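Work through the exercises below with the sequence and the model in view. Try each task before reading its solution.

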Amino acid sequence: MKAFKASLFGFGALMALTMMSCDPKTAPVELTASGLNPAKFDTVVNGDTVRLYTLKGDKGMEVCITNYGARIVSMMVPDKNDSLVDVVLGFDNIAQYMEKTTDYGSSVGRYANRINMGRFVLNGDTIQLKQNDKHDGRDHCLHGGGDTGWMNQIYKAEQIDDQTLKLTIVAEDGENGFPGTVTATTTYKIVNGNTIDITWEATTDKPTIINQTNHNYYNLSGDFEEPAGGLNQWLSVNADSFTVADDSYMPTGEIRAVEGTTMDLRTEHAIIDGLDREYDQVANANGGYDHNWCLNTKGDDTKVAATLYSPKTGIFMEMFTNEPGVQVYTGNFQGIQGEENVVRKHGKHYPQYISVCLESQKYPDSPNHPEWPSPVLNPGEKYYSHAAYKFSVK
């Protein structure tokens, strides 16, 4: 294996080093390759221990994960110069994750994305969920309830080996309005040296709905302060159509062809080059993408669902999933409305459009669209969802 050099963006100068305290009586602090201090993630909440876990691949990849929200905090991958680059956004301490509701890197549940007005019918019963997503008089359920959803809960962690971490949560019947006690696991594993493989599994004691995803915000350049830098990434999505959304980001029920529109991402190109901000769907989403694409892969997770590429670092990411859809979000609300003043990982301030999310999923509001792939989980069944993100250079 080649030796990896220090990276300007990946904090590689800190890699495998020991940072000595000014107090000689204090034990040295060993940082992760991404420059994180694991001690800054150590805490106890209501008797539950929170800490930082590190996965290492045999090709230099490092993934740091906290069991608070089962979230990825950093992801180091090699660039075209064999330097390690951190490619995901986040904070570098647990205090900020806990004091500020954020989906950075989290394992979202019980239902990722939106449900119209937080209401749906299941087996003849009308279910009312927590409403936490307000838009001009409309109030939807987003990401399972937001600050009281799974991304802000503590998972039980089991580090199986250097490449594998299994995280388990038990959600009670009636949590945020969702029926059924659900036991769910998120398993992160580095496979083939350069792929982060994610599986979600769940069981329930009552009929319910479930739709999990990972919410990493990717910037493959590693430069998290370049104005609108996320839009300079090259993106492709293997989809001929997408679900049209209204101005509250809720699907209308229409599935529209991408052909001839700014939503056509079938050919890889720089996002900024193909983004038409006058197009109604983009205009509704604050000048970027925040939409679900209907994948052509039809549940075949051996086929590429989407790709992301940074010409700056040469890092190329391929996404695979067994889910029917992928939500593409271009950080349209980052770096505005006070967000520009928040200090993030390693002292950075994130501007608008700095990253891209690629969230595997059932379509948004699927419980209210029986013609779409169903998110219903019944007792005796096992929910299984899979996504993998493979990194290489070109």
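The exercises cover the pocket, the cavities, two residues and the cysteines.

This is a predicted model, in which local features need pLDDT of at least 70 and side-chain atom pairs count only at pLDDT 80 or more, while totals for chains, interfaces and linings use all residues. Residues are numbered from 1 along each chain as its sequence is written, and side-chain values use heavy atoms, with hydrogens and water left out.

**Exercise 1. Describe the largest pocket and its lining.**

Step 1. On a 1 Å grid over the protein atoms alone, a pocket is an open set of points with protein on both sides within 12 Å along at least five of seven lines; a cavity is a set where a 1.4 Å probe fits but cannot get out; lining residues have an atom within 4 Å of a point.

Step 2. The volume of the largest pocket is about 850 Å³, where volume is the space filled by probe spheres set on grid points joined across faces, edges and corners.

Step 3. The lining has 28 residues, and D103, L142, Y217, Y329 and F333 lie nearest the centre.

Step 4. Both β13 (133-135) and β28 supply at least two lining residues. Such strands are DSSP runs (E, at least two residues), as helices are (H or I, at least four), numbered from the N terminus.

**Exercise 2. Find the cavities of 30 Å³ or more and state what lines them.**

Step 1. There are two cavities of this kind.

Step 2. The largest cavity holds about 50 Å³ of space. Its lining includes N113, T243, Y249 and Q327.

Step 3. β25 (290-295) and β22 (239-245) each give at least two residues to this lining, and β25 gives the most, with three.

Step 4. The second largest cavity has about 30 Å³. Among its lining residues are D246, Q281, N284 and H291, and α3 (280-284) and β25 each supply at least two.

**Exercise 3. Is D133 buried or exposed, and which side chain does D133 meet in a polar contact?**

Step 1. D133 belongs to strand β13.

Step 2. D133 is buried, because its relative accessible area is 9%. The cut-offs are under 20% for buried, over 50% for exposed and in between for partly exposed (1.4 Å probe, protein chains only).

Step 3. The side chains of D133 and R114 form a polar contact of 2.7 Å. A polar contact is a pair of N or O atoms within 3.5 Å; within protein, one must be able to donate a hydrogen and the other to accept it, and residues adjacent in sequence count only if both atoms are side-chain atoms.

**Exercise 4. Repeat the analysis for Q334.**

Step 1. Q334 sits in the loop between β28 (325-329) and β29 (357-361).

Step 2. A relative accessible area of 6% makes Q334 buried.

Step 3. The side chain of Q334 has a polar contact of 3.2 Å with that of S355.

Step 4. Not counting residues up to four places away in sequence, Q334 touches (heavy atoms within 4.5 Å) residues including L89, Y104, Y217 and Y350.

**Exercise 5. How many disulfides does the structure hold?**

Step 1. A disulfide is a covalent bond between the sulfur atoms of two cysteines. The cut-off is a pair of cysteine sulfur atoms within 2.5 Å.

Step 2. The structure holds zero disulfides.

Step 3. C64 has no such bond because the closest cysteine sulfur, in C357, is 19 Å away, too far. C294 is in no disulfide either, and the nearest cysteine sulfur, that of C357, is 19 Å from its own.

Step 4. C64 is buried at 0% relative accessibility, and C294 is buried at 6%.

Definitions and conventions. Contact = heavy atoms within 4.5 Å.
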